[in-house]
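The following note sets out points on the architecture of the model shown below. It is intended to be read alongside the coordinates.

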Amino acid sequence: MKKLIALMLAVVMVVALGAVAPAASAETTVKAGFIFLHDENSTYDLNFINAAKEACEKLGVEYLLKTGIPEGQECYDAAAELVDEGCNFIFADSFGHEPFLIQAAKEFPEVEFCHATGTQAHTVGLANYHNAFASIYEGRFLGGVAAGLKLNEMIESGAITEDQAKVGYVGAFPYAEVVSGFTSFFLGVRYICPAATMEVTFTNSWYDPTLEKEGAIKLISNGCVLISEHADSMGAPTECESNNIPFVFYNGSAADACPNTFIVASRINWAPYMEFAMTCVANGETIPADWTGTLATDSVLMTEINEQAAAAGTAEKLEEVKAALASGDLKVFDTATFTVDGETLTEYLADVDDMGDFVPETNVIADGYFHESEYRSAPYFDLFIDGITNIDA
């Protein structure tokens, strides 16, 4: 009888534990919905899509993906559809999605909405709306270091002279996010090759292979001997490969398509943020209004270096500079390293509290450097520094 009672108690305990286990694994209660501007053909969106799948599969979260969602009312419609399908966590990936995601957040207060690159979470006053970004300017700077090493190699070999050390940059829009990126890239170039200058052209589109290719052609025709970009297609890289112009990419490797010219790329790894935010939802915890990933959170990554195109010693130098950035010994936007109209900046008011009026209100220079992505996650560095020429102006 005692054995029978003990056995019955054991069965009760196993059943009880089995009932409790799913509740303890609270992440199973999360259903995630993702809204992407383009599809896998866009390097930008592919980076997000891969991160979403990685984060959800790691946490065991059911997810739905909506691709090709324009920066318009379609974004709100997509969000509403995801809510109807049971999603309690919704993430959108493009800057122009923000007003429509805010509209959805107001209508569905029980759902958590997270948005990459947005600016209004800390001012809009919605507990269920959040922005996120990363210190990708550090990755851009590292890409610039690799480019500077390549320029020095070209100078030392006699392929170019110092006064020909001109790099080009294909930008999407003249927004702070793009300006911050190409400035940090250029500062990385000059950290290694002080003689370098840079020309920038804009496509005024996040994804347009033809315009990005034409941008690269324009820069190469102007004498740029190395190219980088903030745009989402392979238009510029493939043009560089055709002309044997080395380039630094963004959002992923191009080594397979451009084996002779691709050097390295930086990218934001969105998986850590997605995991963090969904875990907050699962545990009933508050998601910060703004979250900035860093090198330390593995949110800023570099691809493998293509040794066929990179200068000798690039890997070792990038590790050295990465360590200095991670420790804080090196600041990307150290005001001693650049000027604006010939002047060193001691203060600068940025439009951090984005109220739609474009009125700057926050001094973002202190302790000798520009504090990018510290007062909100999305970039607000919008200065054109000396040494960079906008050839579209």
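1. A crossing of two helices is called left-handed if the near helix is turned anticlockwise from the far one by less than a right angle, and right-handed if it is turned clockwise. In this predicted model, α6 passes α7 in a right-handed crossing. The contact draws on α6 residues including Tyr137, Phe141, Gly144, Gly148 and Leu151, and on α7 residues including Ser184, Phe185, Gly188 and Ile192. By class, the residues of this contact divide into 11 nonpolar, eight polar and one charged.

2. The geometry of the pair may be stated further. Helix α6 (residues 136-157) packs on helix α7 (residues 176-192) at an angle of about 40°, and their axes are 6 Å apart. Angles under 35 degrees count as roughly parallel and those of 65 to 115 as roughly perpendicular; α6 and α7 are therefore oblique to each other.

3. One open sheet comprises seven strands in the order β12-β10-β9-β8-β6-β7-β17, and its pairing is mixed. Its edges are β12 (300-302) and β17 (388-390); each has a single partner strand, so one side of each is left without a neighbour in the sheet. On average, neighbouring strands here are turned by 20° against each other, direction ignored.

4. Within that sheet, β8 (residues 226-230) pairs with β9 (residues 247-250) in the parallel sense over two bridges. Ser228 stands opposite Val248 in β9. Helix α8 (residues 209-221) lies across β6 (166-171), β7 (197-202) and β8, and runs at about 160° to β6.

5. A further open sheet contains six strands, ordered β2-β1-β3-β4-β5-β11, with parallel pairing. Here β2 (62-66) and β11 (290-293) occupy the edges with a single partner strand each, so one side of each lacks a neighbour in the sheet. Neighbouring strands of this six-stranded sheet are turned by 20° against each other on average, direction ignored.

6. At the β11 edge, β5 and β11 run parallel and are joined by four bridges. Trp291 in β11 is the bridge partner of Ala132. Helix α2 (residues 43-59) lies across β1, β2, β3 and β4 and runs at about 170° to β2.

7. Which residues of helix α4 (residues 98-107) are buried? They are Glu98, Phe100, Leu101, Ile102, Ala104 and Ala105. These buried residues pack against the strands β1 (31-35), β3 (89-92), β4 (112-116) and β5 (129-134), and also against the helices α3 (73-84) and α5 (121-124).

Note on methods
Residues numbered from 1 in each chain as written. Predicted model: local features only at pLDDT ≥ 70, side-chain atom pairs only at ≥ 80, totals over all residues. Heavy atoms only, no water. Pairing = 2+ DSSP bridges. Axes fitted to C-alpha atoms, helices over the stretch in contact; angles between N-to-C directions. Contact = heavy atoms within 4.5 Å. Parallel < 35°, antiparallel > 145°, perpendicular 65-115°, else oblique. Nonpolar A, V, L, I, M, F, W, Y, C, P; charged D, E, K, R; others polar. Buried < 20%, exposed > 50% of the residue type's maximum accessible area, 1.4 Å probe, protein only.
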